[in-house]
Structure formats: C-alpha cells, structure tokens
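Here are a few notes for your first look at this entry. Keep the structure open beside you as you read.

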Amino acid sequence: MAEQRIIIVGAGPAGTRAAQACVAAGLQPIVLDEGRHAGGQIYRRQPDNFTRPYTKLYGTEADRAQAVHDAFDAIRDRIDYRPETLVWNIADRHVWTASGTGQTALPFDALLLCTGATDRLMPVKGWQYAGSYSLGGAQVALKSQAVSIGHRVVFMGSGPLLYLVASQYVEAGAAVAAVLDTSPFSARVKALPDLLAVPSILWNGVKLTQAIKRAGVPVHLGVTPVEILGDPDTGVNGVRFRDSGGKEQSIACDAVAMGHHLRPETQLADLARCAFAFDSHTRQWLPERDGDGRASVAGVYLAGDGARILGARSAEASGTLAALAALADLGLPVDKGVTASLRGEVATYAKFARGLATAFPWPSAQAAALPDDAVLCRCEGVSAGDLRAVMRETGAQEANRAKAFSRVGMGRCQGRYCGLAAAELIAAEAGIPVDQVGRLRGQAPVKPINIGIGDEK
Amino acid sequence: MNGASDVIIVGGGLMGSSAALFLRGHGISVTLLETDLIGRQASGTNFGNVRRQGRPIHQLPLANRASAIWRRSRELLGADVEYLQSGHIRVCYRERPELVGSMEDYAAKARLEGLDLELLSGNALRDKFPFFGPDVLAGSYSAMDGHANPRLAAPAFARAAQKLGAIIHENTKIVDAQKVGEDFIVTAANGRTFRAPILLITAGAWGNALSSQFGEPVPIVSRGPNMSVTEPVPYAILPAVGVMTPIEEETVYFRQVARGNIVLGGSTRGPSFPDQYRAYVEPQNTLTQLQQIRRLAPALGKLNIIRVWSGIEGYMPDSQPVMGPSATTSGLYYAFGFSGSGFQIGPGVGETMAEIIATGGTDIPMEPYRIGRFAKG
C-alpha cells in the first residue's frame with residue numbers, strides 16, 4: 001500500500017504534536033509553515049545567534065516552549081518540513097503553496113489545519129497612526145527582535161494577552177504608561193467558576209497582573225477607549241479614554257498595543273469548503289468540527305487556536321487528537337485510551353476558555369458606537385461613516401454585500417482585522433442580530449502572492 | 001393577490017436591472033424578481049470592461065447605444081459606478097503578425113459603425129504605453145472606451161429603477177413560469193406568484209431553465225471568469241488593456257482603478273455551479289493568468305495579488321446572446337447568455353429590450369441573437 005499522504009499546515013504547538021503523532025505511527029507527514037523556525041506564534045523562536053534563555057523569552061511557559069521545540073527537533077529528520085512556505089489555496093484535495101517565487105501543488109489524503117490565531121482587534125479612532133500595534137505584533141517585536149514598539153507604551157483592550165504582553169514589556173525594562181482594560185472587574189468574578197477549571201493558568205494570570213502593578217503601572221478596568229491621539233506624520237502621541245466612572249482621561253505615549261483576545265485563522269478551512277457555524281459565545285463564525293477535530297469535509301481536520309481559541313496547552317492536546325482521528329480514518333491502529341484522555345483535557349481547557357470569554361468580553365457595543373470619522377478598515381481606508389452611508393444608500397445588510405459596496409474587508413487582510421467589528425457595526429446600524437450579517441467569504445490567496453510566482457527566469 | 005404589473009422581469013443582473021429602469025422611463029409598470037441579491041453573479045464579478053472594440057461588427061450599434069448610457073450614468077443613476085472613459089488598448093503578439101491585418105480590417109469596418117480606432121506599433125505604441133513587454137507587436141487603441149465597477153453597476157441601475165417605481169423582490173427564486181390566457185403566472189420557491197401580460201427573462205446562466213418551460217431549450221453552458229486584483233499602487237495605467245489571440249490561455253486583460261488596484265482577468269475560465277450559486281477559481285488558472293500577465297506587462301510581475309474571485313456566467317456555443325422575442329410564445333422576451341461579454345452592452349440591452357416591449361420594434365439589429373437559431377430541424 002502506498003504511504004498515506006498527510007499534510008500539516010502550521011508548526012506551532014498543535015502542528016508539532018500532530019506531526020509527532022504521525023511520525024509515531026510510522027508516517028512521514030509534510031509540515032508546511034509560514035515561519036522561518038518551528039514554534040508558532042506563542043513559542044516563536046528567536047532569530048539565529050540570539051541567545052536569550054527560555055525563561056526570559058517564555059516566562060511561566062518556558063518548560064512548555066522547550067518541550068514543544070524539543071519534540072519538533074526530535075522528529076525534524078523524519079518529516080518533510082518546509083518552512084517559510086505559504087499555503088495560498090486549496091482545491092481538489094491539493095494544497096497550493098508559495099515560497100519565494102516557487103510554487104507547488106501537493107496532494108493529500110489527510111489535511112490537518114493547525115493555522116493558529118491572530119489578534120481580535122476593535123477599531124478605535126486614530127488606530128491608523130504609526131505606532132499602533134496589535135498585542136501580538138508588540139509581542140513579536142519583543143520576543144523575536146528584543147525591541148519595544150515605543151519609548152512609552154499604552155496597552156489597551158482586553159484578554160489574557162493584554163496582561164501577558166504588558167508584563168513582558170515591564171520585565172524587559174520598557175516604559176509601560178498604562179494598561180487599559182475594557183472589561184470590568186465584575187466580569188472576572190462571574191467567570192471564576194469556569195476559570196478554576198485550570199487553576200495553574202489562572203494563578204499565572206494573577207501573578208502577571210500583580211507584577212504589572214508592583215512595577216507602578218496604572219491598571220484601569222472597565223474603560224471605554226475614545227481615541228488614539230496623534231497625526232499622520234509623527235504618529236501616536238497619546239490615548240484618550242473614559243474610565244469606569246465615566247471621566248475622560250488622557251495618557252501621553254508614543255505607541256499603543258491593542259487587542260481583545262484572539263480570533264482563529266480560518267481562511268484555509270474556508271477554502272477547503274468546510275462548513276461554518278456561528279458561535280454566540282465569542283460572536284464569531286467558526287468551522288464546524290467533531291470532538292476530535294474532524295471538519296465537515298472528509299479528510300480535513302482542525303486543531304489548535306486555528307479552530308477554537310482554547311490556548312497553547314489545549315493546542316498540543318487537540319493537535320495530537322486531530323492526528324489520531326486522521327490516522328484512525330486512514331485505517332491505522334489508534335489507542336482509544338489516549339484519545340479519551342486527550343478529549344478530557346481539551347474539554348477542561350474549553351471550560352477555561354469559556355471563563356476567559358466571560359471575564360474579558362468582546363465589547364461589541366464599542367463597534368456600534370464608533371464615530372463616523374473613525375477609520376474602520378485600515379487596508380482600504382474606509383471610515384465607520386463611509387460604511388453607514390453606504391448602508392443607508394444601498395440597504396446592504398449582509399457582510400459580503402457591504403464589502404462589495406463599501407470596500408470594507410476588501411484589502412490585503414481580507415477583513416481578518418476589521419471584519420468582526422464591521423459585522424457588529426452593520427448589525428447595530430441595521431438593527432439585526434450579528435449572526436444575520438453573515439461572514440465574509442474567504443478568497444485565495446490567503447495572504448498576498450507575487451505575480452512573479454512560478455517564474456523560472 | 002400578489003403583484004400584478006405590465007412586465008415581469010426574471011433575473012436581477014445588469015440586463016434585468018437596466019431593462020427595469022428604461023421600462024419605467026416608458027411609463028410601464030415592472031416587477032423585477034431576483035433569486036439572490038441584485039447583480040451578484042456575472043454582472044457583479046466580471047472584469048468591468050466598457051469595451052466596444054473586438055465585438056462583432058453587427059453588435060456595434062448596440063454597443064454604441066450602451067456607450068452613450070455609460071457616459072451619462074452618473075446623471076441617469078444618481079450614483080457613481082466608477083465609469084472611466086480612459087481608453088482601451090488591444091494588442092497582439094509578435095508570433096502572430098497576421099493579426100495586425102485583422103486589426104486593420106476590423107478598424108476599417110468599425111469606423112463605418114462610428115467606432116474610431118487608432119493602430120499603433122513600434123515606438124508609437126511603446127511611447128504611449130511603456131508597460132508592454134517585448135512580445136507585444138502592435139495595438140488597436142479606442143480612446144472612447146474605458147471601464148467601470150461591476151460590483152456597483154447593476155445595483156445602481158436597480159436602485160434607480162426602484163426610485164422610479166419599479167418593484168424589486170430579491171431572495172425570490174422562480175421555480176415555474178407559464179402563460180395562462182393572456183397573462184404569465186410566475187411562481188417563486190416561497191410560493192408567491194406574480195402575474196403580468198409580458199415576461200422578460202434575463203436570468204443569465206439560469207436562462208435555459210425558463211426558456212425550456214416554453215419549449216425553447218438552448219445549449220447554454222455555465223462557466224466562471226478568472227479574476228484577480230493587486231494591492232493598490234500609484235495610479236498610472238489609464239486604459240483597459242487586453243490581448244487579441246486565438247488561444248484562450250493568452251486572452252488576459254487588466255485595468256487599474258482610481259484607487260490604485262490593478263484588476264487582472266482572463267485566461268482559462270473555470271467551472272461554476274449554478275445550483276449552488278458559487279463559482280471557484282481553479283488555482284492553476286490563477287497561475288496561468290499571472291504568467292500571461294507577466295508576458296503582456298512584465299513590470300506587473302513585481303506586484304502582489306491580494307484576492308481572486310469568480311462568478312457564474314452563461315455561455316452560448318456561438319458566443320452570442322439570446323436576445324429578443326420568443327419564437328413560441330407571444331409576450332415573452334429573452335436577454336441572457338451573454339457569454340462573458342455582456343457588461344459593456346448591458347445598459348444598451350436594457351434600453352433596447354424596453355424599447356421593443358414599449359414600441360414593438362427597434363433599429364438595433366437583433367437577427368444574430370434570435371432564440372430560434374437553436375431550434376431543431
């Protein structure tokens with residue numbers, strides 16, 4: 001029998017553990033990853049010749065980062081690993097890749113999508129100024145290049161990453177002007193029963209927050225961001241917000257890192273024609289999957305934060321679980337005891353993730369209240385007022401329709417950064433539930449590809 | 001009783017929407033029925049060429065009529081559909097020098113129909129259009145052609161028709177149409193019925209399903225255009241650009257929109273799925289298209305494409321639409337099957353169909369588009 005062709009997209013915690021399970025079953029999967037080194041975003045490795053220790057880079061997660069890196073390095077010679085490779089399309093059971101100017105189409109029997117997550121961003125007036133970063137971007141600058149995004153940085157948004165990145169900046173000696181959290185303290189109290197599902201992560205979070213406060217950084221809860229101050233030439237020079245008492249305050253800074261937790265990178269699942277369903281808890285459309293990671297399309301499996309935002313630890317478990325599901329579907333023997341225990345692990349993290357969503361809710365009303373002169377779609381420079389005017393003129397109430405008429409979500413990120421907020425704004429303006437706005441259809445290429453692709457000269 | 005009107009139009013693309021607008025201009029009441037949303041398939045996903053040159057000579061009167069409408073589209077529609085009369089250049093490659101003769105021949109005939117074309121080669125061509133690659137031999141330039149935004153056009157016609165009193169029902173899929181006595185009764189999937197003495201079918205790739213109900217099946221095939229768009233770059237390329245060639249793979253074209261993005265189209269068309277209302281771009285077709293674009297304009301090879309798309313187009317075996325009255329049923333009219341070339345003539349089709357319905361005739365030559373040409377025996 002010809003060897004089964006397994007393709008894994010992504011070499012973070014989910015992709016690494018999935019590859020490991022395939023190798024253990026005697027197979028040689030192809031691992032395609034956009035990164036230069038395996039590890040993904042969370043366990044991103046530093047560039048060659050950088051020598052910071054793991055404890056410095058990954059803090060409380062140093063041991064886990066080390067374990068994931070070691071696991072990958074141990075199978076490195078037994079997999080077909082292709083770093084710096086973009087999967088730009090999927091069709092007829094082939095993935096289409098681009099790297100440099102090269103391209104290829106690879107057939108698969110099983111496709112494991114371990115595509116990870118990006119920041120879920122809420123637009124705020126002024127977020128187009130130079131010096132505005134996502135939390136993930138701010139973390140990459142520090143983790144990869146050991147640089148800060150500014151001399152005096154405000155962290156604004158909500159979610160665990162807000163505190164993690166702020167504490168990493170404090171730890172690195174950067175000047176953190178403030179941490180502005182849109183979620184109120186009461187939400188955390190409400191979330192406590194679910195958060196206790198994984199006490200160790202909860203405790204890590206408490207410690208991070210304490211470290212930030214000990215460093216003298218003001219932490220405001222229950223804020224409403226008003227504006228990132230700045231100008232087009234010199235960039236960010238401050239942040240204006242309303243505190244929990246409704247009083248307006250300004251803080252001077254030259255950089256802002258913002259985000260509201262994460263959103264899964266689901267475009268490849270979309271191009272693979274997987275079915276999606278609306279998740280009312282996170283107010284996002286997510287690819288459907290069974291408990292082990294099987295998507296609605298046979299032979300396609302989803303794992304890690306690319307499927308559901310359950311965190312890096314869960315990604316390791318769901319990566320293995322999805323690989324075992326693929327192996328079982330290909331007729332290979334799988335230990336049912338292992339599968340059952342992994343399912344239990346993922347369920348625990350899912351409970352914890354529910355707690356996080358409760359503790360750090362997506363402030364959908366903020367999108368609805370975005371002033372007309374605030375830029376909504378940065379790629380295409382479309383303001384909230386532009387979108388509202390288009391809706392009034394054309395009656396568009398569906399995400400793709402609004403995109404076609406207004407260009408919101410039509411740029412190089414294809415709505416990955418503005419789409420969720422745009423949907424909230426449309427829903428509020430039209431007076432319909434956000435799920436009725438629908439979801440932006442993904443189109444190839446997932447990320448831009450060069451017209452010179454495949455040019456032999 | 002559900003909507004009774006003078007005319008029912010089935011199919012809310014550019015043809016149906018513009019026909020609705022011009023019928024209102026004749027004071028005729030109209031109900032326009034659309035399965036999905038206005039202008040979402042062929043009308044909304046095509047390249048956006050407002051190009052007369054290259055069309056069959058017999059089609060130029062219709063194309064000229066359409067050009068006049070495009071020119072006054074802003075006043076007519078009260079909306080900007082991004083129409084730019086920035087010219088159209090059609091070129092041939094060195095390996096097919098015989099096409100220069102075809103260009104000259106076409107230009108001579110087109111001139112008699114009121115379309116002025118300027119033939120360019122050598123330095124004259126390269127001075128005017130420095131982006132062409134070394135394979136390009138000669139070109140035919142039409143200064144009075146241009147391009148517009150397909151995503152905006154059909155919906156703008158529909159809104160203008162609506163403002164003048166046309167009744168439009170979106171999300172209304174028609175499953176049955178028959179003539180009972182003097183009236184057509186049209187039934188939607190949701191059970192609603194509509195009645196009118198005149199029925200106009202502008203249902204694109206779905207046209208055959210309805211014409212068959214009146215004993216006039218046509219050999220229509222649905223396919224999807226192969227479209228891409230680059231990131232925005234400084235606005236520098238004014239005309240729409242295309243290749244004249246007998247090889248489908250080589251038939252690429254591009255245009256730059258005022259925002260700066262360059263829209264790429266053409267080369268091999270892909271499959272489309274009318275039952276699912278989806279068409280997908282085949283990855284290999286994208287790669288072939290990009291390769292041909294590099295040949296046509298090598299400098300574009302440095303840019304990135306940020307998105308591809310397709311839609312559902314209806315193709316006839318002779319590439320000519322089905323347009324005009326039914327051969328079996330009085331009061332029944334067709335305008336569908338525009339074979340990937342309907343965008344420019346669309347408003348002219350709407351105006352002409354409205355004229356035929358309102359006055360019983362037109363000066364526009366309609367013979368090549370008769371549905372009867374597909375009748376057996």
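In which sense do strand β2 of chain B and β8(B) pair, and over how many bridges?

1. The pairing is parallel: β2 (residues 30-33) of chain B and β8(B) join over three bridges. Find B:Leu32 on your screen. Opposite B:Leu32, in β8(B), stands B:Ile168. Remember throughout that this is a predicted model.

2. Now place that pair in its sheet. The sheet is open and has six strands, in the order β8-β2-β1-β12-β23-β22 (chain B). Its pairing is mixed. In general, strands of a sheet pair through backbone hydrogen bonds, either parallel or antiparallel.

3. Look at the edges. There you find β8 (167-169) and β22 (322-325) of chain B. Each has a single partner strand, so one side of each is left without a neighbour in the sheet. Between neighbouring strands of this sheet, the average turn is 15°, direction ignored.

4. Next, a helix. Helix α1 (residues 14-25) of chain B lies across β1 (7-10), β2, β12 (198-201) and β23 (332-336) of chain B. Relative to β2(B), helix α1 of chain B runs at about 170°.

5. Step back to the domains. Chain B is assigned domain 1 (7-47 + 151-219 + 317-374) and domain 2 (88-143 + 226-310). The centres of these two domains of chain B, taken over C-alpha atoms, are 30 Å apart.

6. Finally, where the domains touch. In chain B, five residues of domain 1 are in contact with eight residues of domain 2. On the domain 1 side, the touching residues are three nonpolar, one polar and one charged.

Notes:
Residues are numbered from 1 along each chain as its sequence is written. Chains are lettered from A and ligands numbered from 1 in the order in which they are written. This is a predicted model: local features need pLDDT of at least 70, side-chain atom pairs count only at pLDDT 80 or more; totals for chains, interfaces and linings use all residues. Domain bounds come from an automatic or database domain assignment. Two residues are in contact if their C-beta atoms, placed from the backbone, lie within 7 Å. Ala, Val, Leu, Ile, Met, Phe, Trp, Tyr, Cys and Pro count as nonpolar, Asp, Glu, Lys and Arg as charged, and the others, Gly among them, as polar. Two strands pair if DSSP finds at least two bridges between them. Helices (H or I, at least four residues) and strands (E, at least two) are DSSP runs, numbered from the N terminus. Axes are lines fitted to C-alpha atoms, for helices over the stretch in contact, and angles run from 0 to 180 degrees between N-to-C directions.
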